[in-house]
Amino acid sequence: MIEAKGLTKRYGDKKAVDDLTFTVRPGLVTGFLGPNGAGKSTTMRMILGLDAPTSGSVTVNGRPYVKAVAPMREVGALIDAKAIHGGRSAYNHLLALAQTNNLPRRRVGEVLELTGLAQVAKKRSGGFSLGMGQRLGIAAALLGDPQVLMFDEPVNGLDPDGIRWIREFMRTLAGEGRTVFVSSHLMSEMEHTADHLIVIGRGRLQADCTVKEFIDRNSEQSVSVRTPDPQSLHRLLTTSGARVEAQPDGAMTVRGLPPARIGDLAFDAGIRVHELAPHQASLEEAFMEMTRDQVEYRANAGGPSGGPSGGQPPHPGGGHPSEPAPPTGGRRRGRSRDTDHDELIGA
Ligand SMILES: Nc1ncnc2c1ncn2[C@@H]1O[C@H](COP(=O)(O)OP(=O)(O)OP(=O)(O)O)[C@@H](O)[C@H]1O
């Protein structure tokens, strides 16, 4: 269990983390979401005792993590998978960690098996693909068989197989009763992985709820309707209080009325309906809606973002650019998820 109370971190006059209070519970995958610069990495660093809070506190299993007697048995963390000695084999890397942390040698073999690295255990880790590197980072996190696991952007840059593997692995770890806390900017990924969400924006807590609650609160359901008589239905629905938007493919998107009411109104007016399809917003759409005023860095139309890329590990000693981005316009649709999101968060 991770508990933050009034957790605050200031850098000069900037509050990177601002009065965060939340609990990350065992047996669940808790997604930690926020646009670039929201304060996710700073929060994770404070949980691990790598940064000291300006005020407030955070505990792991009831104690500040720096006071843990056997740190690797309490928390396993994947913060920067590239932080390994490339000349060492996976086996030797894990063995060195086990020996310096007083963990049994047999755990090395066990975590290599668990993460599917047993076959390549004797190969130099410098030659590993990104996905194998992530597996090795996860193997290291599991070495002490900890109850609490923290992953900072674990699927960043992975191919679909690698993403699926990590997703299923996290679900298994939570299924074993462990606390799994994972930051990500890939909303579509979190939608399938997380049970619970903690969302922050500009350092402040924005939401602490289930994925479904978050979507319900931050998006409006719409209904796609097709009819051979669009003009009449458009008029009817508008006079009944709906907002109707004609789509280029002939369908209309209706907001403000539930599907059953739309069907009843059309039936009563003798208007045929050929399609009536409710659209549930995705987590990404709900997230965009909620955080559109809180995005700190964004790609310029003419070039790459001045901000850091999503999923960067903590910024050792280096500051971010400090230009706040202006609020975006309305919600945009009909584009690829990743393009849309990357542009918004400046990844
Ligand atoms: N060492 C530092 N010195 C000064 N400012 C910092 C430092 N580290 C972080 N910040 C600032 O704190 C804020 C939060 O940064 P943080 O890296 O925690 O956000 P994040 O949500 O993890 O974003 P990203 O996904 O870009 O890593 C940003 O405005 C950043 O500029």
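The following conversation goes through a predicted model and asks what stands behind the terms used for it.

Biologist: How do you know how far the predicted model can be trusted, residue by residue?

Modeller: The mean pLDDT of the protein is 81, and 82% of its residues reach 70 or more. Over residues 297-347, however, the pLDDT is below 50, although this stretch has 75 contacts in the model beyond near neighbours in sequence. The scores for the model are ipTM 0.95 and pTM 0.74.

Biologist: What makes up the division into domains, and how many Å lie between the centres?

Modeller: Domain 1 covers 2-216 and domain 2 covers 221-279, and their C-alpha centres lie 46 Å apart.

Biologist: Why are strands E5 and E9 said to stand at the edges of the sheet?

Modeller: The open sheet has six strands in the order E5-E6-E7-E3-E8-E9, with mixed pairing. Strand E5 (75-78) and strand E9 (204-210) each have a single partner strand, so one side of each is left without a neighbour in the sheet. On average, and with direction ignored, neighbouring strands of this sheet are turned by 15° against each other.

Biologist: How do you know that strands E8 and E9 pair?

Modeller: Pairing requires at least two bridges between two strands, and E8 (residues 196-201) and E9 have six, in the antiparallel sense; the two strands therefore count as paired. As one example of a bridge, isoleucine 200 has leucine 205 in E9 as its partner.

Biologist: Which helices pack on the sheet, and which strands do they touch?

Modeller: Helix H5 (residues 130-142) touches E5 and strand E6 (148-152), and its direction makes about 165° with that of E5. Helix H6 (residues 160-175) touches strand E3 (29-33), E6 and strand E7 (179-183), with a direction about 150° from that of E7.

Biologist: Why is arginine 202 called buried, and asparagine 61 partly exposed?

Modeller: A residue is buried if 20 or more other C-beta atoms lie within 10 Å of its own, and exposed if 12 or fewer do. Arginine 202 has 21 C-beta neighbours inside 10 Å and therefore counts as buried, whereas asparagine 61 has 16 and so counts as partly exposed.

Biologist: What is the phi of asparagine 61 and of arginine 202, and where are these residues found?

Modeller: Asparagine 61 has a positive phi near 50°, although this residue is other than glycine, and is found in the loop between strand E4 (55-60) and helix H2 (71-74). Arginine 202, which is not a glycine either, has a positive phi of about 50°, and its place is in the loop between E8 and E9.

Biologist: What makes Leu94 one of the residues to name in the largest nonpolar core?

Modeller: Of the 67 residues in that core, Leu94, Ala139, Leu143 and Met150 touch the most other members. Leaving aside neighbours within four places in sequence, leucine 94 is in contact with Val108, Val111, Leu112, Ala139, Ala140 and Leu143. Another core, of 11 residues, lies apart from the largest one, and among its residues are Val223, Ala242, Met252 and Val254.

Biologist: How do you know that strands E11 and E12 pair, and which residue of their hairpin takes a positive phi?

Modeller: Four bridges join E11 (residues 243-246) to E12 (residues 252-255), where at least two are required, and the strands run antiparallel. Valine 244 stands opposite valine 254 in E12. The hairpin has five residues between the strands, and glycine 250 takes a positive phi near 95°.

Technical notes
Residues numbered from 1 in each chain as written. Predicted model: local features only at pLDDT ≥ 70, side-chain atom pairs only at ≥ 80, totals over all residues. Domains from an automatic or database assignment. Axes fitted to C-alpha atoms, helices over the stretch in contact; angles between N-to-C directions. Contact = placed C-beta atoms within 7 Å. Core = buried A, V, L, I, M, F, W, Y, C linked by C-beta atoms within 7 Å. pLDDT = per-residue confidence, 0-100.
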